[in-house]
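Reader: I should like to go through this structure by question and answer. Please begin with any term that the discussion will require.

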Amino acid sequence: MRTVPLPRSPLIDDLPTPPASTEPEGWSTDAAEDLYHMAAWGEGYFGVNAAGHVVARPDPRSDGEIDLAEVIEEVVAGGLRLPAVIRFQDLLDTRVRLLNESFSAAIAESGYRGSYTGVYPVKVNQLREVVDEIVEAGRPYGFVIECVSKAELVATLPRLESDETLCLVNGYKDEAMLRLILTFQRLGRTVLPVVEKMTEFDQILALSAEAGQPAQLGIRVKLASVAPGPWTKSGGSLSKFGVTLPELVEAADRLLAAGQGDVLRLLHFHLGSQIGDVAALKAAVKEITRIYAHLVKRGVPLEYLDVGGGLGINYDALPLGGGVDYSMQEYANAIVYAVQEICDAEGVPHPTIVSENGRAVTAHHSVLVVDVLGMTSKPSVPDGFVLEADTHPIARELDTLRRAALEAPGLGELLEIYHDAVEARQKAEALFQYGYLGLDPLALAERLYWATCRAVHDRVSAAGPGWVPPELDALGDALADQMLCDFSVFQSLMDHWALGQRFPIVPIARLDEAPTQRTRLVDITCDSDGEVSRFVSPHGKKKALEVHAPDGQPYRLGLFLVGAYQDILGDAHNLFGGVAEAHVYLDATEPSGYFVEETIPATTVEEMLARVQYFPSDLQTRVQSLLREKAQAGVIRPKEAQAILTAYRAFFARTTYLDPA
């Protein structure tokens with residue numbers, strides 16, 4: 001227990017006296033945008049208005065804004081329950097248009113003599129309303145669709161609007177899929193199966209010969225080029241998909257020997273999702289173009305050069321582990337100029353360039369809005385707390401450390417106070433385990449320990465030194481609150497759980513106020529992995545989010561950039577189902593500047609139970625039998641039994657999420 005002041009540390013400067021108030025000076029909505037790094041990941045599509053509400057600006061060609069807080073109030077008043085995905089449908093149109101215009105600009109500037117065809121891979125988000133919007137937006141540009149599975153193929157084929165509309169079928173395909181593809185080719189549709197293995201190549205030729213019709217196909221090639229990042233295995237010789245160069249040469253020679261060189265219409269590679277390095281992209285494009293040129297010289301009249309996907313977006317505040325180092329225009333320029341350079345050097349025609357971009361098209365358009373159900377903070381003591389006379393010595397020791405932290409002149413002293421507090425806490429726990437300390441004194445010691453940590457942290461934070469010892473630096477994360485949010489990480493934010501992907505998260509209102517608390521987000525699943533503790537930061541190490549203190553009003557968070565994959569990858573952990581949706585469009589004629597076109601309710605309890613083979617009739621019959629038994633035994637009255645059954649039945653129509661108090 002400390003009884004004398006600590007000696008001054010010669011290695012660490014004095015800390016200034018803490019200011020009377022920790023309220024940030026000059027707080028504004030611009031400060032809120034800076035705090036949550038909205039300029040870095042929002043690409044101008046999101047900001048904060050004068051009321052402190054998050055707004056969407058889905059069309060850069062107009063000044064229209066959509067107030068997200070107002071949208072939520074409107075749809076909740078209309079009966080929609082949170083959590084809900086808010087889809088800014090105009091953003092899909094904007095992203096499709098910008099992608100196509102970027103390639104058009106690159107082609108015009110370079111004098112490229114081929115054309116460009118964009119392809120939307122439906123695996124990124126297969127929801128009909130999303131695909132409908134993309135198809136509509138892409139119609140003027142000939143923007144087309146790529147599919148993989150049987151279900152995707154069946155959904156895609158009827159959507160081909162003309163014989164010229166290109167449809168690519170990637171992934172592994174069985175005989176039934178190949179027969180269906182060949183049938184639609186016979187009908188005149190341009191459906192190209194992209195060969196992933198030589199067995200598929202053999203099977204396509206055999207089925208084509210059996211049907212007495214020439215096939216059309218593409219081939220995916222394993223390149224030597226790879227891109228750094230979590231999807232690096234998509235490229236290179238160890239890729240799951242594609243044929244090797246020897247196999248490609250064999251396939252080409254077989255087709256030429258049979259006089260069927262025109263069967264092979266497309267050459268394809270895929271470097272991986274979310275390519276962060278444009279130099280790696282250029283290298284891969286040059287490699288595939290060189291292969292294309294040699295095949296053309298060999299006599300194969302290839303028409304399409306498919307550079308795959310990979311156009312990334314910035315999830316984070318800087319291109320570290322989740323971002324990209326290039327713009328959409330630079331992406332298009334890199335591809336067009338690389339293809340042109342190699343084709344001109346080899347003296348071969350410029351092919352139609354195809355890219356398969358889904359994440360960059362869909363990610364921005366969706367925001368998941370969740371209710372905050374409650375906040376849990378570390379235990380502490382109130383301001384002005386005074387110990388009682390008969391308090392246990394271990395609590396007195398911790399209280400002395402707490403008060404010393406408020407006056408400590410330097411980092412060295414604060415670090416020693418923290419070490420002493422850790423030791424005192426361990427001592428209290430040991431005394432309790434051996435029966436020398438009661439439960440109440442242990443609880444008090446716990447409160448005083450965290451109060452001491454809070455005092456140390458606040459003292460350091462208020463001074464803002466240029467360097468902080470790692471143990472003190474980590475205190476902020478240890479002291480962070482837990483904010484209980486009404487959603488499932490596994491259903492709505494799968495890539496955060498599976499890949500550690502950071503998603504931008506921002507309170508949708510009160511941004512004209514400075515946040516005063518830091519928190520981690522925990523979901524309502526009974527799984528310790530159901531939390532969000534990695535947040536957008538220039539340094540990639542932020543483990544807590546700045547939020548506002550509860551004020552008795554609903555508090556809601558927006559989770560941004562969830563339009564790619566998260567809708568589809570969702571897992572039904574704890575049988576939490578799909579969330580509600582609202583589709584929102586800009587409309588200058590409306591007083592609010594927008595209108596809600598459609599709302600879709602969340603998955604119900606009944607629907608989720610049916611997925612795992614539980615059905616209302618059986619479950620209700622079982623409960624009814626129990627109630628009848630208890631009524632006959634006199635445990636409950638018959639009228640009460642009927643009320644219980646009615647209440648139980650009502651659950652089947654409810655959503656799977658919690659209702660805010």
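Author: Helices and strands are here DSSP runs, a helix having at least four residues and a strand at least two, and they are numbered from the N terminus. The model under discussion is predicted.

Reader: In which loop is proline 83 placed?

Author: Proline 83 is joined to leucine 82 by a cis peptide bond, with omega of about 5°. Most peptide bonds are trans. The place of proline 83 is in the loop between α3 (68–77) and β4 (84–88).

Reader: How many residues of β4 are buried, and what does this imply about the strand?

Author: On one side of β4, Ala84, Ile86 and Phe88 are buried. On the other side, Val85 and Arg87 are buried, so that both faces are covered. The strand is therefore largely enclosed by the rest of the structure, the number of buried residues being 5 of the 5.

Reader: Which strand is joined to β4 in parallel?

Author: Strand β13 (residues 366–376) runs antiparallel to β4 and is joined to it by 4 bridges; in that pairing, arginine 87 has serine 366 as its bridge partner. In the parallel pairing, phenylalanine 88 stands opposite valine 584. That pairing has 5 bridges, and the strand is β20 (residues 580–586).

Reader: Which helix gives the most residues to the largest nonpolar core?

Author: The largest nonpolar core has 145 residues, and those with the most contacts inside it include Ile86, Phe88 and Leu267. With 10 residues, the helix that gives the most to this core is α10 (residues 278–298).

Reader: How many residues are in the other core that lies apart from it?

Author: Val381, Phe385, Ile394 and Leu411 are among the members of this other core. It lies apart from the largest one, and its number of residues is 34.

Reader: Why is cysteine 485 in no disulfide?

Author: A disulfide requires two cysteine sulfur atoms within 2.5 Å, and the structure holds 0 disulfides. Cysteine 147 is in no disulfide, its nearest cysteine sulfur, in cysteine 167, being 4.3 Å away. For cysteine 485, the closest cysteine sulfur is that of cysteine 526, which is too far for a bond because the separation is 17 Å.

Reader: Is cysteine 485 buried or exposed?

Author: A residue counts as buried when its relative accessible area is under 20%. The relative accessibility of cysteine 485 is 0%, so this residue is buried.

Reader: Is glutamine 613 buried or exposed?

Author: Glutamine 613 has a positive phi, near 65°, and is found in the loop between α21 (605–611) and α22 (616–632). Residues with a relative accessible area over 50% count as exposed. Because its relative accessible area is 58%, glutamine 613 is exposed.

Reader: Is tyrosine 565 buried or exposed?

Author: Tyrosine 565 has a positive phi, near 75°, and its place is in the loop between β19 (556–560) and α20 (566–569). Most residues other than glycine have a negative phi. With a relative accessible area of 16%, tyrosine 565 is buried.

Reader: How far from a polar atom of the side chain of threonine 452 is the backbone oxygen of leucine 448?

Author: Threonine 452 is placed in helix α15 (residues 439–463) and is buried at 1% relative accessibility. Leaving aside neighbours within four places in sequence, its contacts are Leu398, Leu401, Arg402, Ile417 and Ala421. The backbone oxygen of leucine 448 lies from a polar atom of the threonine 452 side chain at a distance of 2.7 Å.

How values were computed. Residues numbered from 1 in each chain as written. Predicted model: local features only at pLDDT ≥ 70, side-chain atom pairs only at ≥ 80, totals over all residues. Heavy atoms only, no water. Buried < 20%, exposed > 50% of the residue type's maximum accessible area, 1.4 Å probe, protein only. Pairing = 2+ DSSP bridges. Core = buried A, V, L, I, M, F, W, Y, C linked by side-chain atoms within 4.5 Å. Polar contact = N/O pair within 3.5 Å; in protein donor to acceptor, adjacent residues only side chain to side chain. Contact = heavy atoms within 4.5 Å.
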